[in-house]
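I sat down with this one and kept notes as I went. The entries below follow the order in which I looked things up.

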Amino acid sequence: MENYQELWKAVLGELELQISRPNFLTWLKQSQIVDKNEKENVIFIGLPNNFAREWVKNKYHKIIFNTLHNFDPSLKAIEYVVFNSEKNSFASLVSSEKKSKTATPLSPSKAPFSLLDLKIDPKTNLNPRYTFSSFVVGSSNELAYAAAMAIVKEIGQKYNPFFVYGGVGLGKTHLLQATGNEIKKNYQNKVSVFYTTSEKFVNDVVWAIRNKQMDDIKKKYRNVDVLIIDDIQFIGGKERSEEEFFHTFNVLYENNKQIIISSDRPPSAIPTLTERLRSRFEGGMIADITYPDYEMRLAILKNKIQERGVFLEEKILEQIALKIQKNIRELEGVLNKVIFYQEYKKERIDNQKLEEILSEISETASKNITINDIIKAVANFYDVAVNEIIERSRRQAVVEPRQVAMYLLRDILNLSYPHIGEKIGKRDHTTAIHAYEKISRDINRNAAFNQKIMMIKEKIFKNS
Ligand code: ADP
Ligand code: MG
């Protein structure tokens, strides 16, 4: 196997079908093959932190091993390591109980394939894979694209702040990162760019408060020329972080620094955003990205296969573009799977094969999960009665289960807050919002709690 990244992509494509979507996203999306010991046939899989490493090793080793083994029958063992691609380094090595000499990972510089592909620039946090040249422009994103291009020309002047919103998988992150990369390319070291997500920002603030290092935050976020914050919606309701972001925003704005923000919805629809931050966002340029039309979807597919250097029949590309309409990430997912069948399994992709692939994918995606499935799983997990969750019981023991149920109804089914409030104890929508925010916060702060939620989710997806 020459190309580990391609291999891993194919493996992930398989795993995605075997593991529930939330688990896949939480645990495996950020995994990668970081090394292979060719002599011993050990593959090193990198996870972003210790917790993820332990979790993946304990829960998914068997299926990862089997899947990987199908592709690479010479495989003897897998080692799980912490690999922080932002720092491009092994943060900690193989779990300490297993220190066989031969299985120690090589230093990254000796890795048998180019790590360049994975390199996220630690200074800017930008991933070089996202560029304008790989960004297809069509009617669904042309306004956002034009604004981004204008910003590259006149940083901090015309469109400031720049607020992009749109649904999942429609290219917000790609556009934001491409803008950052383009600025880096054009201005080199004269302009400093920093990309982050609002979740990371919140984590930083929480950390800084706990360690009394607020000055660090100020230094990190206020000394840049271009600050890019992805998925700002997660900052809503996190008071201290919002406050800190508001001040950061003002400092940058007053100094004519460029601020670029994305969100899954417009500022007016982020329920817990403070008014002053909302009006700041609304004072700049707002552009949305909507669903791509057929021509654009086809263009994206063509672009991707060119990038990957593979050939697929036009007819097949057209079929994919016809069938997958709402999400570019999904479009890529199907394409990956098709490429995998063609390149690794050496199967001929005709219409029938494509149908098979598509139905495999939709089966996993559309497990029909109901409100009841979720409430039942939560009740089961906490060992309380379903009725206690949905009635107005004040018993302390049902407070957490009830909040978790509200959180999951939103997270998995995307129910509206009023609907959730109605279902759970005929409560006001603000109760549902509060529950959602609280549980999100706890998941962010507390690894053990996160694990609990993941276990409940697993039950929900397994039983339905
Ligand atoms: P979002 O941040 O809106 O959820 P992403 O930016 O992560 O979406 O996009 C999902 C995937 O689709 C990425 O792999 C991205 O490269 C790709 N993509 C999105 N928009 C385009 C586009 N216009 N041209 C090419 N690829 C795109
Ligand atoms: Mg994104």
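**A helix pair to start**

I began with the H14 and H16 interface, where Ile 371, Ile 374, Val 378 and Tyr 382 of H14 meet Glu 400, Pro 401, Val 404, Ala 405, Leu 408, Leu 409, Ile 412 and Leu 413 of H16. Contact here means heavy atoms within 4.5 Å. I took helices (H or I, at least four residues) and strands (E, at least two) as DSSP runs, numbered from the N terminus.

This is a predicted model, so I noted that local features need pLDDT of at least 70 and side-chain atom pairs count only at pLDDT 80 or more, while totals for chains, interfaces and linings use all residues. Residues are numbered from 1 along each chain as its sequence is written, chains are lettered from A and ligands numbered from 1 in the order in which they are written, and side-chain values use heavy atoms, with hydrogens and water left out.

Back to the helices: H14 covers residues 371-382 and H16 residues 399-413, and I get a packing angle of about 145° with the axes 9 Å apart. Axes are lines fitted to C-alpha atoms, for helices over the stretch in contact, and angles run from 0 to 180 degrees between N-to-C directions. I logged the crossing of H14 past H16 as right-handed; the near helix is then turned clockwise from the far one by less than a right angle, and anticlockwise would make it left-handed.

**The chain overall**

I count 19 helices and nine strands in the protein chain. Of its 464 residues, 50% count as buried. My cut-offs are under 20% relative accessible area for buried, over 50% for exposed and partly exposed in between (1.4 Å probe, protein chains only). Among contacts between residues at least 6 apart in sequence, 70% join residues at least 24 apart.

**Aromatics**

How many aromatic pairs are there? I find 13 aromatic pairs, taking rings of Phe, Tyr and Trp (its six-membered ring) with centres within 6.5 Å; planes under 30 degrees apart are stacked, over 60 edge-to-face and the rest tilted.

One of them is Phe 135 with Tyr 145, a stacked pair at 6.3 Å centre to centre and 20° between the planes. Phe 135 sits in the loop between strand E4 (89-92) and helix H4 (142-153) and Tyr 145 in H4, so the pair ties together parts 10 residues apart in sequence. Phe 135 is buried at 10% relative accessible area, whereas Tyr 145 is partly exposed at 21%.

I then looked at Phe 194 and Tyr 221, an edge-to-face pair at 5.7 Å centre to centre with 80° between the planes. Phe 194 is in strand E6 (residues 193-197) and Tyr 221 in helix H7 (residues 214-222), so this pair links distant parts of the chain, 27 residues apart. Phe 194 is buried at 9%, and Tyr 221 is buried at 0%. Both belong to one aromatic cluster with Phe 163, Phe 201, Phe 245, Phe 249, Tyr 253 and Phe 281.

**Charges**

Which residue lies over the face of Tyr 341? I find Lys 353 there, 4.2 Å from the ring centre. Arg 410 lies over the face of Tyr 417, at 4.2 Å from the ring centre. The test is NZ of Lys or CZ of Arg within 6 Å of the ring centre and within 35 degrees of the ring normal.

Is Lys 457 buried or exposed? Lys 457, in helix H19 (residues 447-463), counts as buried at 7% relative accessibility. Its side chain makes a polar contact with the side chain of Asp 411 at 2.6 Å. I used N or O atoms within 3.5 Å; within protein, one must be able to donate a hydrogen and the other to accept it, and residues adjacent in sequence count only if both atoms are side-chain atoms.

**Backbone oddities**

Most residues other than glycine have a negative phi, and most peptide bonds are trans. I therefore flagged what departs from that.

The peptide bond from Asn 160 to Pro 161 is cis, with omega near -10°. Pro 161 is in the loop between H4 and strand E5 (162-166).

Asn 125 has a positive phi, near 70°. This residue lies in the loop between E4 and H4 and is buried at 11%.

Lys 212 also has a positive phi, near 50°. I place Lys 212 in the loop between helix H6 (198-210) and H7, exposed at 73%.
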